[in-house]
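Good morning, colleagues. I should like to take you briefly through one model, beginning with a single chain and ending with its contacts to a partner.

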Amino acid sequence: MLVLDATKVSFAGSGLGGARLIAVDRVAATELVSFSDDGPHVVFADVPQQRVTLKLVRRLPTGTLDGPEPGDEGALSFETAVGRTDGSRSSVSAQAVVTKVQHGVTREGVEQTISFVAVSSAGATDPVSVTALS
Amino acid sequence: MSSFKGLDLFGSGPHRFRLGLRRQRLLPEFLVTGSDNRTQFKSLPIGNEELSVEVTGRLVGADDGAVWSLLDAIEAQTSLTPTWAPGVLDTGRGQSWGDIFLVELETAGPFDRGRVVSVGYRVYFQRVEGSFA
């Protein structure tokens with residue numbers, strides 16, 4: 001999932017303005033791959049463990065001395081609307097833990113990149129929920 | 001399809017067969033004869049190693065209960081009661097071994113729950129040449 005028009009971005013109750021993009025990546029933490037005696041090809045594959053990570057890239061208008069730190073946990077939420085219309089607005093939220101906070105300088109200014117790992121309320125529940133708003 | 005005693009114990013998932021160690025068993029001569037010759041170690045052949053076959057694979061089911069049922073079916077073949085009996089282990093690929101016992105079942109780790117529920121396992125078969133009650 002890649003969101004280029006996120007609005008109302010917040011984490012642990014604090015607003016995070018200037019969002020340029022939010023990426024939700026899903027990667028297998030464990031891959032099961034099995035072969036048989038019948039030949040060279042995989043006959044069984046499954047992903048019993050996966051890691052959902054989120055990356056928020058936002059522009060900072062000024063320098064900052066505070067903000068999220070690795071290990072911080074809270075609800076990361078934002079709204080999105082394809083084409084910036086109200087026609088297909090959605091609310092996305094995930095309980096998440098900060099794993100990385102990085103900064104860089106581009107021609108447009110200062111960018112802050114915050115990386116999260118999403119945490120499921122129960123192992124079987126998708127940690128990212130998407131709710132249609134209209 | 002592979003089978004043991006005609007039962008499809010492993011067909012729910014991928015599995016592979018491996019022939020166990022084949023060798024002539026040797027014992028130190030002094031254990032057999034009581035010889036106290038200390039100048040040269042000697043061995044005596046005492047017979048062929050009993051044939052063994054290992055099956056490794058993954059049992060796959062729609063839920064935990066289905067996988068437990070598959071494990072139970074294999075475990076039942078290790079039990080002395082009501083009868084621990086040998087049978088034919090057939091790979092389904094043209095190789096089979098008769099008069100072989102299912103001796104051990106061991107899971108390779110916890111259940112894995114992804115698209116399906118599965119668990120890795122190792123099953124050990126052995127021919128038992130001695131007689132027993």
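**Chain A and its contacts with chain B**

Let me begin with overall dimensions. Chain A has a radius of gyration of 18 Å, whereas a compact globule of 134 residues would have one near 14 Å. Along its principal axes, the C-alpha trace of chain A spans about 60 × 35 × 30 Å. Of the 134 residues in this chain, 18% count as buried.

I should state at this point that the model is predicted. Its scores are ipTM 0.84 and pTM 0.85. For chain B, the average pLDDT is 93, and 98% of the residues score at least 70.

Turning to secondary structure, chain A contains 9 strands and 0 helices. Read from the N terminus, its elements therefore run β-β-β-β-β-β-β-β-β. As for the contacts within chain A, if we take those between residues at least 6 apart in sequence, 58% join residues at least 24 apart.

I come now to the interface. How many residues of chain A are in contact with chain B? There are 10 on chain A, and they meet 14 residues of chain B. On the side of chain A that touches chain B, β4 (19–35) and β5 (42–60) of chain A each supply at least two residues. The most is given by β5(A), with 5 residues. By character, the residues on this side of chain A divide into 6 nonpolar, 2 polar and 2 charged.

That concludes my presentation; thank you for your attention.

Note on methods. Residues are numbered from 1 along each chain as its sequence is written. Chains are lettered from A and ligands numbered from 1 in the order in which they are written. This is a predicted model: local features need pLDDT of at least 70, side-chain atom pairs count only at pLDDT 80 or more; totals for chains, interfaces and linings use all residues. Two residues are in contact if their C-beta atoms, placed from the backbone, lie within 7 Å. Helices (H or I, at least four residues) and strands (E, at least two) are DSSP runs, numbered from the N terminus. Ala, Val, Leu, Ile, Met, Phe, Trp, Tyr, Cys and Pro count as nonpolar, Asp, Glu, Lys and Arg as charged, and the others, Gly among them, as polar. pLDDT is the predictor's confidence in each residue, from 0 to 100. The radius of gyration is taken over C-alpha atoms; the globule rule is 2.2 Å times the number of residues to the power 0.38. A residue is buried if 20 or more other C-beta atoms lie within 10 Å of its own, exposed if 12 or fewer, and partly exposed in between; C-beta atoms are placed from the backbone.
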